[in-house]
Amino acid sequence: MAYQSLYRRYRPRRFSEVRGQEHVVGALRNAVNTHTEGHAYLFSGPRGTGKTSTARILAKALNCDNLQQGEPCCECTPCQDMEAGRSFDLFELDAASNNGVDAIRDLIERTAVGSPGRTKVYILDEVHMLSPGASNALLKTLEEPPAHVRFVLATTDPQKVLPTIKSRTQHFEFQLLSAQELETYVRWINTDADLDVDDESIAWVVRQGRGSARDTLSALDQVVAAGGVVTRAEPVEQLFSALLSRDTGQAIAAVSDALAQGHDPRVLGKAFLDSLRDTFLLSLGVAVPHLMAEDAEQFGAWASKLGTPLLTRAMEAVGSA
Ligand SMILES: [Zn+2]
């Protein structure tokens with residue numbers, strides 16, 4: 001059998017399996033159970049926090065023949081068809097690549113046609129990418145969809161969604177997971193899948209994830225593929241050390257060492273920028289729950305030494321590099 005990524009293998013199938021979004025899945029499950037679900041939802045939140053997975057679970061629950069207190073049974077024919085991606089009761093549109101009026105008109109025409117199951121669910125991913133014309137074309141259908149139709153609009157950038165769209169939906173916000181939640185999750189998978197990944201690598205995986213369940217499992221896949229050996233992000237520490245001593249030469253040396261060791265400059269740049277951002281937030285006294293305790297301590301020490309103005313300038317410099 002071909003290797004299946006951990007993210008796919010551990011993709012949640014029921015509301016109760018979605019990690020770290022209890023406020024959202026609890027409300028949805030209750031709505032399904034009492035037949036009071038809304039006709040249009042807006043799911044917003046960072047990438048990899050479970051928006052699309054939750055939308056698919058909702059679609060499954062709304063068509064399940066053997067609903068169990070709001071949870072899909074995952075065994076009946078509608079559930080199985082949904083999981084196999086062959087259900088006619090689920091339609092997913094990536095609004096990032098289908099953002100024009102024509103794609104939305106086509107979708108609206110589809111909604112008028114009946115579907116084999118009880119409810120047809122339309123998932124529009126990255127809905128903030130729709131053109132203004134396409135958004136406006138969607139409004140009327142969003143307000144009064146046919147009785148068998150439900151919409152789930154998903155976005156990583158809710159600020160860019162038209163207010164008229166927002167006001168016609170029930171808005172649920174998905175959150176980044178804390179380092180503690182992710183560590184518990186990774187340790188559970190480590191045991192369940194018999195991966196035998198050591199503590200240091202688990203810490204690295206949680207760090208790479210930065211609060212996203214999907215990115216965390218991708219990092220765990222990398223560790224498994226590499227046989228458990230990972231390098232810690234030392235160049236970032238050296239760059240901070242150069243920043244602390246205001247030493248440009250040391251910074252250049254750290255970068256050229258890292259490149260000589262085969263680090264990808266874009267990955268390094270992003271890692272440094274991410275760390276600067278976390279340190280910046282700590283300098284403002286903002287909590288950063290996705291940081292591991294030891295990192296929060298380290299970054300906190302850097303934050304008080306560097307101060308907010310210097311961190312702001314450093315972020316601007318690295319961000320524009
Ligand atoms: Zn079912």
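A crossover between two strands is called right-handed if, with the strands pointing away from the viewer, the path from the first strand over the helix to the second runs clockwise. In this predicted model, strand S3, helix H6 and strand S4 form a β-α-β unit of that hand. Helix H6 covers residues 132-143, strand S3 covers residues 120-125, and strand S4 covers residues 149-155.

Strand S4 is a convenient place to begin. S3 and S4 run parallel and are joined by five bridges; within this pairing, Tyr122 has Phe151 as its bridge partner in S4. S4 also pairs with strand S1, residues 40-44, again in the parallel sense and over five bridges. Here the bridge partner of Phe43 is Ala154 of S4.

The surroundings of S4 can be read from its side chains. In a regular strand the side chains alternate between the two faces of the sheet. In S4, one side carries Val149, Phe151, Leu153 and Thr155, and the other carries Arg150, Val152 and Ala154; both faces are covered, since all of these residues are buried. Seven of the seven residues of the strand are therefore buried, with buried meaning under 20% relative accessible area.

After S4 the chain enters a loop that leads to helix H7 (163-166), and Pro158 lies in this loop. Pro158 has 18% relative accessibility, so it counts as buried. Apart from neighbours within four places in sequence, its contacts are Ser44, Lys166 and His171.

The zinc site is elsewhere. Between Pro158 and Cys79, one of the zinc donors, there are 30 Å in space, C-alpha to C-alpha, and the two residues are 79 apart in sequence. The zinc ion takes its protein donors from the SG atoms of Cys64, Cys73, Cys76 and Cys79, at 2.3 to 2.4 Å. These residues follow the spacing C-x8-C-x2-C-x2-C in sequence. The angles among the four donor atoms are 101 to 121 degrees, and the site is tetrahedral. Four donors count as tetrahedral if all angles lie between 85 and 135 degrees, which is why this range qualifies. Cys73 counts as buried because its relative accessibility is 5%, and Cys79 counts as buried because its value is 0%.

At the level of the whole protein, the domain assignment gives domain 1 (6-173), domain 2 (179-225) and domain 3 (234-320). The C-alpha centres of domain 1 and domain 2 are 28 Å apart. Nine residues from domain 1 and 15 residues from domain 2 take part in the contact between them.

How values were computed
Residues numbered from 1 in each chain as written. Predicted model: local features only at pLDDT ≥ 70, side-chain atom pairs only at ≥ 80, totals over all residues. Heavy atoms only, no water. Donors = N, O, S within 2.8 Å, 3.2 Å for Na, K, Ca; no water. Tetrahedral: all angles 85-135°; square planar, octahedral: opposite > 155°, others 65-115°. Buried < 20%, exposed > 50% of the residue type's maximum accessible area, 1.4 Å probe, protein only. Helix = DSSP H or I, 4+ residues; strand = E, 2+ residues; numbered from the N terminus. Pairing = 2+ DSSP bridges. Domains from an automatic or database assignment. Contact = heavy atoms within 4.5 Å.
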